[in-house]
Amino acid sequence: MPSLASVFADRVNAKIARVFQRLADPCEFAPMDGATPYNRLVSLDDNGSEIAASSNEYVPELIMRAEFLLTEGDVNSGDVFTINGAECRLTQRVSTDSVCVTYIYIQL
């Protein structure tokens, strides 16, 4: 019988995934390994609010982040996604949790 903690964690992860699906935007995702591009969800974010809250940085730099659901497939540095006509390349992984992976991206 599964433990109560694992059942609770699974339910929380499922709810977080559903919220992500409602808030994220569709994009065309092209893996760098040459696989066929496909549609998946992405949630874009930047550190603008962190820069505004921090007065310690001499030259603040805007960092753009893209978050993807792990259940929709692998994500790697170098992958390209297109959203609203803008082509973007993933550069560095920021974080991974049980539901999502977050990468820094640059617009091409």
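Is R65 buried or exposed in this structure, and what is its relative accessibility? In the predicted model examined here, R65 counts as buried, at 17% relative accessibility. The cut-off for this class is a relative accessible area under 20%. For the protein overall, 27% of the 108 residues count as buried.

The protein contains two helices and six strands. Along the sequence, these elements follow the order α-β-β-α-β-β-β-β. This order provides the frame in which the charged residues and the cysteines are described below.

Side chains of opposite charge can pair when their charged atoms come close. Two salt bridges were found in a search of the whole structure. One of them involves R65, whose partner is D45; the closest N and O atoms of this pair are 3.1 Å apart. Because D45 belongs to strand β2 and R65 to strand β3, the salt bridge ties together parts that are 20 residues apart in sequence. The two partners fall into separate accessibility classes: D45 is partly exposed, with a relative accessible area of 42%, whereas R65 is buried at 17%.

A salt bridge is also formed between the side chains of E72 and R40, with an N to O distance of 3.6 Å. This pair links distant parts of the chain, 32 residues apart: R40 is located in strand β2 (residues 38-46), and E72 in the loop between β3 (64-69) and β4 (80-83). Here, R40 is buried, at 2% relative accessibility, while E72 is partly exposed, with a relative accessible area of 26%. In both salt bridges, then, a buried arginine is paired with a partly exposed acidic residue.

Positive charge is also present at the surface, where R11, K15, R18 and R22 form a patch. Of these residues, R11 is placed in helix α1, which spans residues 4-23. R11 has a relative accessible area of 54% and is therefore classed as exposed, since the limit for that class is over 50%.

The cysteines were considered next. The structure holds zero disulfides. For C88, the closest cysteine sulfur is that of C27, at a distance of 8.9 Å, which is too far for a bond because a disulfide requires the two sulfur atoms to be within 2.5 Å. C88 is buried, with a relative accessible area of 1%. C100 likewise counts as buried, at 5% relative accessibility.

Key: Residues numbered from 1 in each chain as written. Predicted model: local features only at pLDDT ≥ 70, side-chain atom pairs only at ≥ 80, totals over all residues. Heavy atoms only, no water. Buried < 20%, exposed > 50% of the residue type's maximum accessible area, 1.4 Å probe, protein only. Patch = residues over 30% accessible without salt bridge, like charges linked within 9 Å, V, L, I, M, F, W, Y side chains within 5 Å. Areas by Shrake-Rupley, 256 points an atom, 1.4 Å probe, with all protein chains shown as cover. Salt bridge = Lys/Arg side-chain N within 4 Å of Asp/Glu carboxyl O. Lys, Arg positive; Asp, Glu negative; His and termini not counted. Charge placed at Lys NZ, Arg CZ, Asp CG, Glu CD. Helix = DSSP H or I, 4+ residues; strand = E, 2+ residues; numbered from the N terminus.
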